[in-house]
Amino acid sequence: MARFVEPESAELGVGAISRRKWVIAAGATVAVTGGALMVTSRRPAKALAILNTAEAAPRGGGGPEAEALSRSLANALGLEGIESRPLAEVRTLGSRAAGSFYYVNALAGRCWEDGTRVRLMAELREASGELALWSGSWDGEGGKAGAARQPGCTRHLPGH
Amino acid sequence: MGKPGPLGSLAARDISQAIERARRSQVATEKRRRALAPYGQALKLLDQGKDYVLQSTREAETPFPFENLLKAAQLLEEALRQDDTFPEAAAKLAWSYRMAAEYDERMWPKALAMAGRALAADPGSADANFVRGYVSMFREWDFRAAAQSLEQCIRRSILDQGSWRLYAGAMCVLGRAEEARKKIVTVLSVLPASVILRYALFGLAEQTKDLAEIERLAREMPKSGPSAALGEAMLASAFHWQGRHREAEQLFHGILSKDPRNGKAITRLALLYVSMGKLDRAAAAVESADGHRRWPILVGVVEAARGNRLRALGWVERAVRERDPNLPYATLHPHFDRLRSEPLCAQLLKQFSSGGWGSAHL
């Protein structure tokens, strides 16, 4: 069973965060979710990070570098726990939350154009309205992507 | 736990700032609270909440049940009555009207007006920009405007595959396929199995006549599952481009033996027969399509190849009048050359377009 833990630090720059732990069974489909709780207008707002790695592919896709990059983002976001969970469950959590609930869907992969580089793309969405708020993309050298590989830290997307 | 790498740290900082901006822009008025109830019900009816990253081509192409759209639109109208400064509700309502327009053409102006209302309040709205881009692409045939709106949509929702697909189409018509290709491969890096993105890239490779890439993309498609037929159709088209007509024909027949109503296979088989000079078979292929998939412009292309000039122009006129969604794509194909050289055809397209046809295509 994987673990979901709210972050301890206010590294995301949005104030105090509670330390309550959520323990939820891993879903059948391999999703991986890290959690970070943020602030609403009056009290901490909530945001979950969903870290995805694409499946292995001839061009682009997952691999150790992409895993490392996802892990690096998880670390930088202050996520202590990582677990497997589908996006639908993240939304269920969001629907139970008071106020707005954000989630970050982040995908990492090797660059299609140059397999030695890695790319991270992320979208910030408001969960209850499924509203796209912001998105970004970052490229870097594969070897400098981040921490060492930790298998299972990300959601592996199936072919579709 | 190891220290975050520089790229992860950079991304985390940007994400944190985005969340903070979102938090600051929250509206928590009493009228917004009242509007949220019908808004939430409408989203459920619109099936919002599906895993948008895993959306299949079939899901992307299946029309929404009209009844759901009607109910959702009523709920969103109620949300706007409760709070007329609710841009997200306006954007979703525009989205609902846009889909309802597939059933009732009178909804197009409403979709456009509502998208305008949402964009006036939030110029970056992904949903409203998508609707604006869709209308520009398929109703106004203003491909420059379509590309601009879709770029705005993608700026906020970089993983929205449907927007990338439309964007690729608009850029093809504008003669900017290579520019679009460079952008789409950035997303394919993290979504390499996306059939929607691969199909968009396939269309761009067709425009740049990159025959090796066309075949490679087709061969990398899933060999099983709901997208297998699309992969076979792509491979057959790759053979068509390479002049391997018999192999292409066999593949298309294989697809149609399993799914006689496969619109993509029928369309592309008809064009193959035009290339092969088997014009009766081309006409028969077009005839075999379901009514709503018997695209007027495709019939026009076949009639032009048969030398039936006036009949072909009649079908072009009908395609223009009915806003045949295949028409912009058809103009990109070499088989359109015969029609392209007809002054009346070019005149019709220019007359009914808000502009933006690539000069290379007319």
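## Domain contact, helix packing and a hairpin in a predicted model

In chain B, the domain assignment delimits domain 1 (224-294) and domain 2 (296-356). The model is predicted. Taken over C-alpha atoms, the centres of domain 1 of chain B and domain 2 of chain B are separated by 21 Å. Their contact draws 9 residues from domain 1 of chain B and 8 residues from domain 2 of chain B. On the side of domain 1 of chain B that touches domain 2 of chain B, the elements giving two or more residues are α15 (263-276) and α16 (279-287) of chain B. The residues of that side comprise 7 nonpolar, 1 polar and 1 charged.

Chain B also contains a helix pair, α11 (residues 195-207) and α12 (residues 211-219), whose axes come within 9 Å and cross at roughly 160 degrees. An angle over 145 degrees counts as roughly antiparallel, and α11(B) is therefore roughly antiparallel to α12(B). The crossing of α11(B) and α12(B) is left-handed. The residues that meet are tabulated below.

| Helix | Residues in the contact |
|---|---|
| α11(B) | B:Arg198, B:Leu201, B:Phe202, B:Ala205, B:Glu206 |
| α12(B) | B:Glu213, B:Ile214, B:Leu217, B:Ala218 |

By class, the contact of α11(B) with α12(B) has 6 nonpolar, no polar and 3 charged residues.

In chain A, strand β7 (residues 117-126) pairs with strand β8 (residues 131-141) in the antiparallel sense, over 10 bridges. A:Arg125 has A:Ala132 in β8(A) as its bridge partner. The hairpin of β7(A) and β8(A) has 4 residues between the strands, and in this hairpin A:Glu130 adopts a positive phi near 50 degrees.

Technical notes. Residues numbered from 1 in each chain as written. Chains lettered and ligands numbered in written order. Predicted model: local features only at pLDDT ≥ 70, side-chain atom pairs only at ≥ 80, totals over all residues. Domains from an automatic or database assignment. Contact = placed C-beta atoms within 7 Å. Nonpolar A, V, L, I, M, F, W, Y, C, P; charged D, E, K, R; others polar. Pairing = 2+ DSSP bridges. Axes fitted to C-alpha atoms, helices over the stretch in contact; angles between N-to-C directions. Parallel < 35°, antiparallel > 145°, perpendicular 65-115°, else oblique. Left-handed = near helix turned anticlockwise from the far one by under 90°.
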